[in-house]
Amino acid sequence: MKTPPFLKDFIDLFFPRLCPVCQRALNRNEENICTTCLHRLPRTGYHLDPLSPMAQLFLGKVPIEKCAAFFFFSTPSDARQLIHHIKYHGGKQCGFTLGKIYANELLPSGFFDDINALVPVPLHPAKLRRRGYNQSEWIARGIEQVSGIEVCTEWLYHSQNTKSQTGKNIYERWLDTRTAYETDSELDLSDKHILLVDDVVTTGATLLACAQALYLHGKPRISCLTLAAVL
């Protein structure tokens, strides 16, 4: 049941919801991030450019139809603080909210028009137990609510407990991820257009490994979306 506005205001008075970036108290109409910080995020516009830096990561490796990233990630920045909140500090609801916001921004471009499945990049079960949630799935759930496209978490799984990719170069990331993702051997995706969803793209190694694993099962059409891009 939805919380009545007067009760929500009362709760916020004593237990204010704070923006994870600026720590300002959120007002009634703000959800998990304040309007000012949201508008300050540097948009990439990659979904409008078929030869964007993100798209070029996959050229000659696996066919990727469309690429989209919400905002640029840099260190230090508000974007970095936001991603760390989503990924490491329990900010799954913030991931959900940003998924919804980004989906609404993409809708007018027709980005989702022929996509029929959302596949979040999975976590290894051990990492999922430690963290308690998969941030990529929460982002995908936000997109699902706006686009109506189903989230399919059973199509792809993380079979190797690889270490964090932070600080590794392109070759090291590729070595760690190239065989880390698998699918059901009987899966037939030949008639699907899949949108892979992740939190951040850096070298593209994780998305590439996921796309290659899915492509073995009927050569589906594959596109990619992330919240942030280190490109």
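Leu-98 touches residues far from its own place in the chain. Setting aside neighbours within four places in sequence, its contacts are Ile-33, Leu-38, Phe-70, Leu-82, Ile-86 and Leu-227. The model is predicted.

**Cores**

Leu-98 is also one of the best-connected members of the largest nonpolar core. Phe-71, Leu-82 and Leu-225 join Leu-98 as the residues with the most contacts inside this core of 36 residues. Several elements each supply at least two of its residues: α2 (35-40), β1, α4, α5, α7, β5 and β6. Helix α5 gives the most, with 5 residues. Another core lies apart from this one. That core has 31 residues, among them Phe-58, Val-62, Trp-155 and Val-201. In soluble globular proteins, nonpolar side chains tend to be buried together.

**The sheet**

What is the strand order of the open sheet? The order is β1-β6-β5-β2, with 4 strands in parallel pairing. β1 (67-72) and β2 (117-120) stand at the edges. Each has a single partner strand, so one side of each is left without a neighbour in the sheet. On average, neighbouring strands are turned by 20 degrees against each other, direction ignored.

The pairing of β2 with β5 (residues 193-201) is parallel and rests on 4 bridges. One residue pair can be picked out here: Pro-120 has Val-197 in β5 as its bridge partner.

**Helices**

Helix α5 (residues 92-106) packs on the sheet, where it touches β1 and β6 (221-229). Helix α7 (residues 135-147) lies across β2, β5 and β6. Helix α4 (residues 78-88) packs with α5. The angles are set out below.

| Helix | Packed with | Angle |
|---|---|---|
| α5 (residues 92-106) | β1 | about 120 degrees |
| α7 (residues 135-147) | β5 | about 130 degrees |
| α4 (residues 78-88) | α5 | about 120 degrees |

How far apart are the axes of α4 and α5? They are 7 Å apart. The two helices pack at an angle of about 120 degrees, and are therefore oblique to each other.

Which residues meet in this contact? From α4 come Leu-82, His-85 and Ile-86. From α5 come Lys-92, Cys-94, Gly-95 and Leu-98. By class, the contact has 4 nonpolar, 2 polar and 1 charged residues.

Leu-82 and Leu-98 thus turn up twice. They belong to the contact of α4 with α5, and they are among the residues with the most contacts inside the largest nonpolar core.

Technical notes:
Residues numbered from 1 in each chain as written. Predicted model: local features only at pLDDT ≥ 70, side-chain atom pairs only at ≥ 80, totals over all residues. Heavy atoms only, no water. Pairing = 2+ DSSP bridges. Axes fitted to C-alpha atoms, helices over the stretch in contact; angles between N-to-C directions. Contact = heavy atoms within 4.5 Å. Parallel < 35°, antiparallel > 145°, perpendicular 65-115°, else oblique. Nonpolar A, V, L, I, M, F, W, Y, C, P; charged D, E, K, R; others polar. Core = buried A, V, L, I, M, F, W, Y, C linked by side-chain atoms within 4.5 Å. Buried < 20%, exposed > 50% of the residue type's maximum accessible area, 1.4 Å probe, protein only.
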